[in-house]
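Ready for some practice in reading a protein structure? Take a pencil, work through each exercise, and then compare your steps with the solution.

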Amino acid sequence: LNGETPYTLDIDAVDSDDLIIIKSISGLDPADLTLFTGDYSRDGGYYQGRRLGGRNPVFNLKLNPDYVNDIEISDVREMLYEMFYEPQAGSDELQVVLKDDRRPDRYFIGATEKMPADIFAKSTDAQISMVCVDGYLRSVTAVNASDAVGWTTLPVAYEGTAKTGLEMELKVKTATTVATVDIGGVTMTLTGDFAVDDIIVINTSYGERRITLNGVDAMVLLTSGPEWVQLRRGTNTIKTYGSVEGDAKVALMEYTYRAAWWGI
């Protein structure tokens, strides 16, 4: 739990002396999808796309007071209030990092919606329900690479199970009126008067999408109707060029992304 005061909850190496013991977590499977479809005037219909909903992780905990050191069950409960309801000074949201030995560290960010408990029951269990507006799990460590000369064709291995956007810095090597990025056959084309050494930055991540030319907003240069290029699981080949593939008029100087995962 990466709040103002970090706290680790072990699942496979539980210490019986821990004040808070995690019994289970639900809601780490893929979040629900909303599918958008339409109907024809007669039989049949058509598929328009999908939208990933939010995530609802639920923690089931056992509270373990330490009476020898004068730590009552109410003290442990107050620890939970602070960790989950007041995680940090500037935000109500808490980052939860998931660690295992087969995948990179992944995280979700959520806000606590409820913490039901029967205060006067003999049971010392507690349940915490969180809401995450981002339904994906994200890799804690971002992947980035740069090259002083730049690439016009570059294979990039991606291990996430869900597609993800990326931020790319492009440099114009030869004056052109067209700048193109191609990933796996999906292309984004910009049209304008691009001069030598112009810097184009394209971010295709949901919620962060932008295009700038020499630091100035340049969304207007994007040709209408294209998809925003993304990385998919496996090896993705990124190609950059002007109007014709292989003309080397535009080079990829730097890229960065954070892998996305449907669930664990």
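The exercises below deal with a sheet, a surface patch and two backbone angles.

This is a predicted model, in which local features need pLDDT of at least 70 and side-chain atom pairs count only at pLDDT 80 or more, while totals for chains, interfaces and linings use all residues. Residues are numbered from 1 along each chain as its sequence is written, and side-chain values use heavy atoms, with hydrogens and water left out.

**Exercise 1.** Find the order of the strands in the open sheet and name its edge strands.

*Solution.* Step 1: strands (E, at least two residues) and helices (H or I, at least four residues) are DSSP runs, numbered from the N terminus. Two strands pair if DSSP finds at least two bridges between them.
Step 2: following the pairs gives 6 strands in the order β9-β18-β11-β14-β15-β16, with antiparallel pairing.
Step 3: β9 (143-151) and β16 (216-217) each pair on one side only, and they are the edge strands.

**Exercise 2.** Describe how β11 is joined to β14 and β18, and sort the residues of β11 by face.

*Solution.* Step 1: 5 bridges join β11 (residues 167-172) to β14 (residues 199-203). Among the partners, Met-168 is matched with Ile-202 and Glu-167 with Asn-203.
Step 2: towards β18 (residues 250-257) there are 6 bridges, and these two strands also run antiparallel. Here Lys-171 stands opposite Ala-251.
Step 3: in a regular strand, side chains alternate between the two faces of the sheet. In β11, Met-168, Leu-170 and Val-172 make up the covered face, whereas Glu-167, Glu-169 and Lys-171 make up the uncovered one.

**Exercise 3.** Where does Phe-120 lie, and is Phe-120 buried or exposed?

*Solution.* Step 1: Phe-120 is in the loop between β6 (106-114) and β7 (125-131).
Step 2: buried means under 20% relative accessible area, exposed over 50%, and partly exposed in between (1.4 Å probe, protein chains only). With a relative accessible area of 79%, Phe-120 is exposed.

**Exercise 4.** Which two residues other than glycine have a positive phi, and how accessible are they?

*Solution.* Step 1: Asp-70 has a positive phi of about 60 degrees, and Ala-248 has a phi near 60 degrees.
Step 2: Asp-70 sits in the loop between β4 (58-63) and α1 (73-85), while Ala-248 is in the loop between β17 (234-241) and β18.
Step 3: Asp-70 is exposed, at 59% relative accessibility, and Ala-248 is partly exposed, at 38%.
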